[in-house]
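Please look over the sequence and the structure shown here. The questions that follow take up some of its cysteines and one glutamine.

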Amino acid sequence: MRRLLEFLRRSRRAAGSPLLLKRPAGSARRRCTILVLTLTSSAIAGGLQPAGLATTRSDLNPKDQARVIAVTRPTTDFSKPEPFELMQGGAGTSEKEVDRDAFSQSSANISFEEEGTFKLGNALFRKNWVSSPSSTQASDGLGPLFNERACQNCHLKDGRGRPPQGDVGTTSMFLRLARDASSADEKAAIASHQLLNFPDPVYGTQLQELAVPGLPGEGRMHVDYQERKVELTDGTVVSLRQPSYSVTDLAYGPLDPRTTLSPRLTPPMIGLGLIEQIAPADILAHADPDDLDGDGISGRPNIERDGQSGELTLGRFGWKAQTASIRQQAADAFAGDIGISTPEEPKHWGDCTAAEAKCLAMPNGVQARLGPVEAPPPVMDLVTFYSQNLAVPARRDLAAPDVLAGKKVFYEIGCVACHTPKFVTRRDAPNKAQAFQLIWPYSDFLLHDMGPDLADGQAVGDATGSEWRTPPLWGIGLTETVNGNTFFLHDGRARSLTEAILWHGGEAQKARDRFAATNAAERDALVKFLESL
């Protein structure tokens, strides 16, 4: 317990702090979650925790707690599908025909009225913003520097982005720009969760390749690949491509030499509202920052300070789990990717910095009759609702023998140590469509050190330069159907699921090595299982 509290000391400078719980070892780990939460919380001295870091589930009575423990217990029977496994997004799961629109369906359990709200949000998600001034008024305010004109242009078909391919643009992958804290004051700001990191003094938080007429874009991402051959235990050779990143055609001078480049592929949008309603206690229960159980897995939460309430809360969205809510994620994207101001991020000139004077001299799109920002609260309400209710598609072929065999391999080689199969969402979720749902995201939503090969060298809040949030796996088998490609990982370097697994290192090295040691039939079965998600 002493080591655990030491890990939390930085957070205790602010009001409240997270309780990171030791995971029970072995197969009993998940089954003890709620019991451990209850027993451990009474052992911690000092005030109530912020709501976003609650360490017990206040939404469940004892009977419900017992049900949750039972239903989320990891399976040991791989002879048949588990109950409810088909509906991996709970009652909201989409059972519509699988095609290119498989990620664009609304939650199946929302009301007729909410379906209309969803469609309005969809229209705004697809809306192309234009530069100011324009005759459209309600649509102007683009940029002045930006990566794309519409949310949908980055989240292609509500799915995964792609890395640049030849002359094809990079609008669904971008470069985060940041440096670590250097002074005592900067380190204190990070430790107290006031800031996540520090932007480039000229180019801001990310590279903006596009700009409105009369203004040059900031530069262009350049990617070089080198092939790396990997031989598996049975002699099979797999070629991995190692990327290196740089920026060309910089329009406003050089980057700060301390600035790091972190490529970020846009992730799928499905199931976000369900993820938002996973109880913080259930995520924190899987954290083991000091690896006290000795299994080599040291999941850590990324704690952030809510921009509106100022309270500490649990990050669960983004490649580094740096964002706590869908609404904040949308506001960050409006400001950083499109250059549109919102009540949450009232940045009329987006990511323009003081060093980009010409950008700041451009007109913005604020309309007095619509309020003080370019995307007023009704816009944010609709886009947020849309993002919360993109349905997870139903599983496919889950009873097929090779899929069941692959699921067994997935468990046996240790993938479930980070890719937690199941959660039950909060009973008191604001929208009943997300309330008390058994869901199968296959993620613990914690940070894990993935080793030097996948490291970007960029710290984000509590996340180090080699840590990444475990991404959910639901829908991963439909990537090619929806997006026409099979590019995986944070920068799309992996061209197949096999390549993605072989890039795993750090805490995932043992699972990766066990995969490499399996025979071809077992590897194929594991891929079939992933493709069924």
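**Cysteines and a buried glutamine**

Q: Which cysteine sulfur is closest to that of C418, and why is there no bond between them?
A: A disulfide is a pair of cysteine sulfur atoms within 2.5 Å. The sulfur of C418 lies 9.0 Å from its closest cysteine sulfur, which is too far for a bond, and that sulfur belongs to C415.

The model is a predicted one, in which local features need pLDDT of at least 70 and side-chain atom pairs count only at pLDDT 80 or more, while totals for chains, interfaces and linings use all residues. Residues are numbered from 1 along each chain as its sequence is written, and side-chain values use heavy atoms, with hydrogens and water left out.

Q: Is C418 buried or exposed?
A: Buried means under 20% relative accessible area, exposed over 50%, and partly exposed in between (1.4 Å probe, protein chains only). Because C418 has a relative accessible area of 11%, C418 is buried.

Q: Which cysteines does a disulfide join?
A: By the sulfur cut-off, the count comes to one disulfide. Its S to S distance is 1.7 Å, and the two cysteines joined are C352 and C359.

Q: Which side chain makes a polar contact with that of Q105?
A: Q105 is buried, because its relative accessible area is 17%. A polar contact is a pair of N or O atoms within 3.5 Å; within protein, one must be able to donate a hydrogen and the other to accept it, and residues adjacent in sequence count only if both atoms are side-chain atoms. At 3.3 Å, the side chain joined to that of Q105 by such a contact is that of K96.
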